[in-house]
Amino acid sequence: MDKIICVNGDSFTQEYYQKPEDRWTTHIGATHNLAMGGSGNDRIFNTTMEYLNQNKPDTLIIGWSDPGRGTLSYQDGSRLIITPIRCFDEENAEDHNDILEFYYRKIHNNYVSFSRTLNQMLFIQDYCKSKGIKLLYFRSVMHNELDDKSLQAVAKEAFMSRRDPDIETMGVKFNLQKLKTLVSRLDRDIWIKEFWFSMHDYIWANFDASAYSGETPLPADAVKAWGKIVSKHL
């Protein structure tokens, strides 16, 4: 019996504009693809758990996206995908620019989004371990880094009292430690190639992807090379 390989992520995993024979998900024999272009990590997490509640794949591969992207349920029950440049209905691609502006002006917070992503990574990591599901992670268009300077910049945006500079400094320190603790719990061994490895950075460093816009195919040789890398971990 063929193994069940489920993948999830954003456009780098959906590969909508790639020819089927050029897709890295085709090269590795993926049987289920939950990804959608523009997806943020809330959608990736929610659709993964919806799938896992009904299925048990042999292998699950997730390409984590930009924590700055969001997902909201619309009043008719449909799902909206929110990116810094567009908000659209997942089912019919209808644009909702009013919600786009409201989301980034009133709702989005870098600390909340990134810490939630880390918690989502940990939850799926522990779930798959308990169920005997092989799990592989990589970063897609997630540009967050894990050095102290980068994490501190995120921690500064957490909710805290800012009336007293000393209290604010303690708040930043406290939230920085919370981020570091979450990062320390991530399993280094489930990441493709190496811990915190980025498919996006790999392709841009090794192939000519200058024409890629999110609505055009990636270079076929780049996608094929990525597929070979993933295959080595299956």
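This is a conversation about salt bridges, aromatic pairs and one helix in a predicted model.

Trainee: What makes Glu90 and Arg79 a salt bridge?

Mentor: Their closest N and O atoms are 2.8 Å apart. The cut-off is 4 Å between a side-chain nitrogen of Lys or Arg and a carboxyl oxygen of Asp or Glu, so the pair qualifies. A search of the whole structure finds ten salt bridges.

Trainee: Where in the chain do Glu90 and Arg79 lie?

Mentor: Glu90 is in the loop between β6 (86-89) and α4 (97-107), while Arg79 belongs to strand β5 (residues 79-83). The two are eleven residues apart, and the pair links distant parts of the chain. There is a further partner too: Arg43, Arg79 and Glu90 are linked in a network of salt bridges.

Trainee: Why is Glu90 called buried, and why is Arg79 called partly exposed?

Mentor: Glu90 has a relative accessible area of 13%, and buried means under 20%, so Glu90 is buried. Arg79 comes out at 22%. Partly exposed runs between 20% and 50%, so that label fits Arg79.

Trainee: How do you know that Glu168 and Arg162 form a salt bridge?

Mentor: Good one to check. Their side chains meet at 3.0 Å, N to O, and the limit is 4 Å, so the pair counts. Glu168 has a relative accessible area of 26% and Arg162 has 41%. Both values fall between 20% and 50%, so Glu168 and Arg162 are each partly exposed.

Trainee: Which helix holds Glu101 and Arg105, and how many residues apart are they?

Mentor: Both lie in helix α4, four residues apart, about one turn of the helix. An α-helix has 3.6 residues a turn, so residues three or four places apart point the same way. Glu101 and Arg105 form a salt bridge, with the closest N and O atoms 4.0 Å apart. Each of these two residues is exposed.

Trainee: Let's move on to the rings. How many aromatic pairs are there?

Mentor: The search of the whole structure finds 18 aromatic pairs. Among them is Trp64 with Tyr137, an edge-to-face pair.

Trainee: Why is the pair of Trp64 and Tyr137 called edge-to-face?

Mentor: The planes are 80 degrees apart and the centres 5.5 Å apart. Centres must lie within 6.5 Å and planes over 60 degrees count as edge-to-face, so both conditions are met. The pair links distant parts of the chain, with Trp64 in strand β3 (residues 59-64) and Tyr137 in strand β7 (residues 134-139), 73 residues apart. Trp64 is buried at 0% relative accessible area, and Tyr137 is buried with 0% as well.

Trainee: What makes the pair of Tyr202 and Trp226 tilted?

Mentor: Their planes stand at 45 degrees, with the centres 6.1 Å apart. Stacked needs under 30 degrees and edge-to-face over 60, so 45 degrees is tilted. Tyr202 is in helix α8 (residues 199-206) and Trp226 in helix α9 (residues 220-231), 24 residues apart. Both are buried, and they belong to one aromatic cluster with Trp24, Phe138, Phe197 and Phe207.

Trainee: How do you know that Arg188 lies over the face of Phe195?

Mentor: Arg188 is 4.0 Å from the ring centre. The distance limit is 6 Å, so that part of the test is passed.

Trainee: Back to α9, then. Which elements do its buried residues pack against?

Mentor: They pack against α2 (24-27), β3, β7 and α8. The buried residues of α9 include Ala222, Val223, Trp226 and Ile229.

Conventions: Residues are numbered from 1 along each chain as its sequence is written. This is a predicted model: local features need pLDDT of at least 70, side-chain atom pairs count only at pLDDT 80 or more; totals for chains, interfaces and linings use all residues. Side-chain values use heavy atoms; hydrogens and water are left out. Buried means under 20% relative accessible area, exposed over 50%, partly exposed in between (1.4 Å probe, protein chains only). Rings of Phe, Tyr and Trp (its six-membered ring) pair if their centres lie within 6.5 Å; planes under 30 degrees apart count as stacked, over 60 as edge-to-face and the rest as tilted. A charge sits over a ring if NZ of Lys or CZ of Arg is within 6 Å of the ring centre and within 35 degrees of the ring normal. Contact means heavy atoms within 4.5 Å.
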